[in-house]
Amino acid sequence: DRANIVAKETLNNVPYAVYEASHALPPLGFTYANTIARETYDALSPLQKQESLLQGVVLEDSSLPQAQLSTTSQSVPYTVGKTDGLTFENGKVVVKRANASLTLHVEGKPNTETYLYCKALNYAALSPSAAVPAEKWEKYPWYKKMSLYKKDSQWVAPAEYTILLQAD
């Protein structure tokens, strides 16, 4: 839904515009002195987008001044702790069984919010036979392979997965 301009005015050489959105929460009003071009906004990370909306409104076309964006977000180091039921293969986390877990240790900054941002998080379910690493598969006797192929024929890929985040 795009905002519609309902009024424009210039006072003391400062341009102002009033926009109306059909899904706003009445009675709610807010103003921005600066705008953010859609292309600029789309190129930002989710956290940068959140911060940028405190500095300007995203508009397709506007004659209002462009915001000079500055963000305070920063990455913090982390370490991988306990893992259970998963492996790391070619830069990917491969889940080997239900209820697998991965513990990340992060030292958050005091008096700040800490976010976990997973870029390019994809999910591809593996059939029982596909979940066996190639080096193990080659060593399996034929009857064990046939047993897995039978499980494959009855297997249905899960339609969803759950990521549980918890802080100490």
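Which residues does T35 touch, not counting residues up to four places away in sequence? The legends below answer this question and then turn to other parts of the model, which is predicted.

**Figure 1. The surroundings of T35 in strand β3.** This close-up of the predicted model is centred on T35, a residue of strand β3, which covers residues 35-37. When residues up to four places away in sequence are not counted, T35 touches V57, L59, S62, L64, P65, Q66 and A67. With Q66, the side chain of T35 also forms a polar contact of 3.0 Å. T35 has a relative accessibility of 0% and therefore counts as buried, since the term applies under 20% relative accessible area.

**Figure 2. The largest nonpolar core.** Five residues make up this core: I36, Y41, L44, V58 and A67. One of them, A67, is also among the residues that T35 touches. Another member of the core is L44. Apart from residues up to four places away in sequence, L44 touches K49, S52 and L69. As a general background to this view, nonpolar side chains in soluble globular proteins tend to be buried together.

**Figure 3. The hairpin of strands β6 and β7.** Strand β6 spans residues 86-89 and strand β7 spans residues 92-95. The two strands pair in the antiparallel sense, and four bridges connect them. Within this pairing, T87 stands opposite V94 in β7. Two residues lie between the strands of the hairpin, and N90 takes a positive phi near 50 degrees.

**Figure 4. A cluster of aromatic rings around W137, Y140 and Y149.** The structure holds three aromatic pairs. In the pair of W137 and Y140, the ring centres are 6.0 Å apart and the planes stand at 50 degrees, so this pair is tilted. Both of these residues, W137 and Y140, are buried. In the pair of W137 and Y149, the ring centres are 5.4 Å apart and the planes stand at 70 degrees, so this pair is edge-to-face. W137 belongs to helix α3 (residues 134-139) and Y149 to helix α4 (residues 142-154), so their pair ties together parts that are twelve residues apart in sequence. Ring pairs thus link W137, Y140 and Y149 into a cluster.

**Figure 5. Accessibility and a lysine at the aromatic cluster.** How exposed or buried are W137 and Y149? W137 has a relative accessible area of 17% and is therefore buried. Y149, in contrast, has a relative accessible area of 41% and is therefore partly exposed. At Y140, K144 lies over the face of the ring, at 4.5 Å from the ring centre.

**Figure 6. Two positions in the loop between β8 and α3.** The loop that holds G108 runs between β8 (101-106) and α3. G108 is partly exposed, because its relative accessible area is 31%. Its C-alpha atom is separated by 7.0 Å from that of V76, although the two residues are 32 residues apart along the chain. S127 is found in the loop between β8 and α3 as well. S127 has a relative accessible area of 16% and is therefore buried. Leaving aside neighbours within four places in sequence, S127 is in contact with D152 and W155.

Methods: Residues are numbered from 1 along each chain as its sequence is written. This is a predicted model: local features need pLDDT of at least 70, side-chain atom pairs count only at pLDDT 80 or more; totals for chains, interfaces and linings use all residues. Side-chain values use heavy atoms; hydrogens and water are left out. Buried means under 20% relative accessible area, exposed over 50%, partly exposed in between (1.4 Å probe, protein chains only). A polar contact is a pair of N or O atoms within 3.5 Å; within protein, one must be able to donate a hydrogen and the other to accept it, and residues adjacent in sequence count only if both atoms are side-chain atoms. Contact means heavy atoms within 4.5 Å. A nonpolar core is a set of buried Ala, Val, Leu, Ile, Met, Phe, Trp, Tyr and Cys residues joined through side-chain atoms within 4.5 Å. Two strands pair if DSSP finds at least two bridges between them. Rings of Phe, Tyr and Trp (its six-membered ring) pair if their centres lie within 6.5 Å; planes under 30 degrees apart count as stacked, over 60 as edge-to-face and the rest as tilted. A charge sits over a ring if NZ of Lys or CZ of Arg is within 6 Å of the ring centre and within 35 degrees of the ring normal.
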